[in-house]
Amino acid sequence: MRSEKAKNVARLGMLFALAIALSFCESCLTPLLGLMPAMKLGLSNIVVMYALLYLSKRQALALVLLKALFALLTRGVSAGFLSLCGGLVSWGVLCLLLVVPLPVTGYIFSVSGALAHNVGQLCGAAVLLSDRMALSYAPVLLAAGVAVGSLTWGVSRAVFPALGKTGLAGQRESRIHF
């Protein structure tokens, strides 16, 4: 039992480190791709999706909270709050997709997570700024959500099988296949 807890903590730590490394990489890529400053590729969210699919909802939630805390500590209160809002809404939508009785593809899963993340951030921005300002940004963020969700789906298709071979996977089998 104690060994299993240690293994879970170590696995969560490695996944968090991977999420932070991916977040750093996407921060470097954002200006090179000519994206607006607040737009990110969502690469670190792949780690949360992986945890949700192959580990547990609780571990995925822990990653969401750790990522928001990291954003708070490194980029400030607004970034931490927006990360938390986007992460929690995305996590909630992805949890719902895991229990719906309809078939859900990896593409739908990824795009839904990205769109939900952007909706959560828009709601957070409405709290911090104004409803009108957040709504004016909505079309851009929703279009970006579809594009980013497609990108994370493609990366997930390549990465998830490799992550499974590293020992980072738990015993859980996902019903959503990439």
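Here are three short exercises on this predicted model, each with a worked solution.

Ground rules: residue numbers run from 1 along each chain as its sequence is written, and side-chain values use heavy atoms, with hydrogens and water left out. Local features need pLDDT of at least 70 and side-chain atom pairs count only at pLDDT 80 or more, while totals for chains, interfaces and linings use all residues.

**Exercise 1.** Work out how many disulfides the model has.

Solution. Start with the rule: a disulfide is a pair of cysteine sulfur atoms within 2.5 Å. Applying it gives 0 disulfides. Take Cys 123 as a check: its nearest cysteine sulfur belongs to Cys 85, 7.7 Å away.

**Exercise 2.** Is Cys 95 buried or exposed, and where does Cys 123 fall?

Solution. Get the cut-offs straight: buried is under 20% relative accessible area, exposed is over 50%, and partly exposed sits in between (1.4 Å probe, protein chains only). Cys 95 comes in at 11%, so that one is buried. Cys 123 has 47%, so call that one partly exposed.

**Exercise 3.** Find the residues that touch the most other members of the largest nonpolar core, then see which helix gives the largest share.

Solution. A nonpolar core is a set of buried Ala, Val, Leu, Ile, Met, Phe, Trp, Tyr and Cys residues joined through side-chain atoms within 4.5 Å. This one has 27 residues, and Leu 15, Leu 52, Leu 53, Leu 63, Phe 109 and Phe 160 touch the most other members. Now the helices (DSSP runs of H or I, at least four residues, numbered from the N terminus): α2 brings the largest share, 10 residues.

Notes:
Helix = DSSP H or I, 4+ residues; strand = E, 2+ residues; numbered from the N terminus.
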